[in-house]
Amino acid sequence: MVYGIILAGGKGLRLNQDTPKQLLSLGNRTILQWSVDTFINSPVVDRVLIVCEEGIMTTIRALFSGDQYKEIAAYVRGGKERSDSSRNALKALEFSGNDII
């Protein structure tokens, strides 16, 4: 199985916005929705993990409720640093030796 990990924990401080950058709209969807849709529409990726801050986890889960997002395998709490968030994603599921992440 091929897993895609989306690290969506940034605050977007350089954008000078109150809303985290992954939740900003770009056209008719959020930036995060564009990213997730790209992964789930790929013929290569089977499942997706979304890593985000705990404070926006509920909002992100609500964005992806419904049958069109059944490929989302897990919502993972991000870490203090990007590397911590990556590690949390890798520890979130039991991957097999044949999985590609």
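**Note on a predicted model: sheet, helices and aromatic pairs**

1. In this predicted model, helix α3 lies across strands β1, β4 and β5, and the helix runs at about 145° to β1. Helix α1, made of residues 31-40, also lies across β1, β4 and β5, running at about 170° to β1.

2. The strands that these helices cross form an open sheet of three strands, in the order β1-β4-β5 and with parallel pairing. Strands β1 and β5 (72-77) stand at the edges and have a single partner strand each, so one side of each is left without a neighbour in the sheet. On average, and with direction ignored, neighbouring strands of this sheet are turned by 15° against each other.

3. For the pairing of β4 with β5, it helps to look at the residues themselves. Strand β4 covers residues 47-52 and is joined to β5 by five bridges, the two strands running parallel. Within this pairing, L49 stands opposite A74 in β5.

4. Is S85, a residue of helix α3 (residues 82-92), buried or exposed? Its relative accessibility is 10%, and because buried means under 20%, S85 counts as buried. When its neighbours within four places in sequence are left aside, S85 is in contact with L7, V51, G78 and G79.

5. The count of aromatic pairs comes to two. In one of them, the rings of Y3 and F95 have their centres 4.8 Å apart and their planes at 85°, and since planes over 60 degrees apart count as edge-to-face, the pair is edge-to-face. This pair links distant parts of the chain, with Y3 in strand β1 and F95 in the segment after α3, 92 residues apart. Y3, at 13% relative accessibility, counts as buried, whereas F95, at 22%, counts as partly exposed.

6. F64 and Y69 also form an aromatic pair that is edge-to-face, with 4.8 Å from centre to centre and 85° between the planes. Both F64 and Y69 are buried.

7. A charged group and a ring also deserve a look: the charged end of R29 sits over the ring of W34, at 3.5 Å from the centre of that ring.

8. As for confidence, the mean pLDDT of the chain is 91, and 93% of its residues reach 70 or more. Confidence is highest in strand β1 (residues 3-7), at a mean of 97, and lowest in strand β2 (residues 25-26), at a mean of 88.

Key: Residues are numbered from 1 along each chain as its sequence is written. This is a predicted model: local features need pLDDT of at least 70, side-chain atom pairs count only at pLDDT 80 or more; totals for chains, interfaces and linings use all residues. Side-chain values use heavy atoms; hydrogens and water are left out. Buried means under 20% relative accessible area, exposed over 50%, partly exposed in between (1.4 Å probe, protein chains only). Contact means heavy atoms within 4.5 Å. pLDDT is the predictor's confidence in each residue, from 0 to 100. Helices (H or I, at least four residues) and strands (E, at least two) are DSSP runs, numbered from the N terminus. Two strands pair if DSSP finds at least two bridges between them. Axes are lines fitted to C-alpha atoms, for helices over the stretch in contact, and angles run from 0 to 180 degrees between N-to-C directions. Rings of Phe, Tyr and Trp (its six-membered ring) pair if their centres lie within 6.5 Å; planes under 30 degrees apart count as stacked, over 60 as edge-to-face and the rest as tilted. A charge sits over a ring if NZ of Lys or CZ of Arg is within 6 Å of the ring centre and within 35 degrees of the ring normal.
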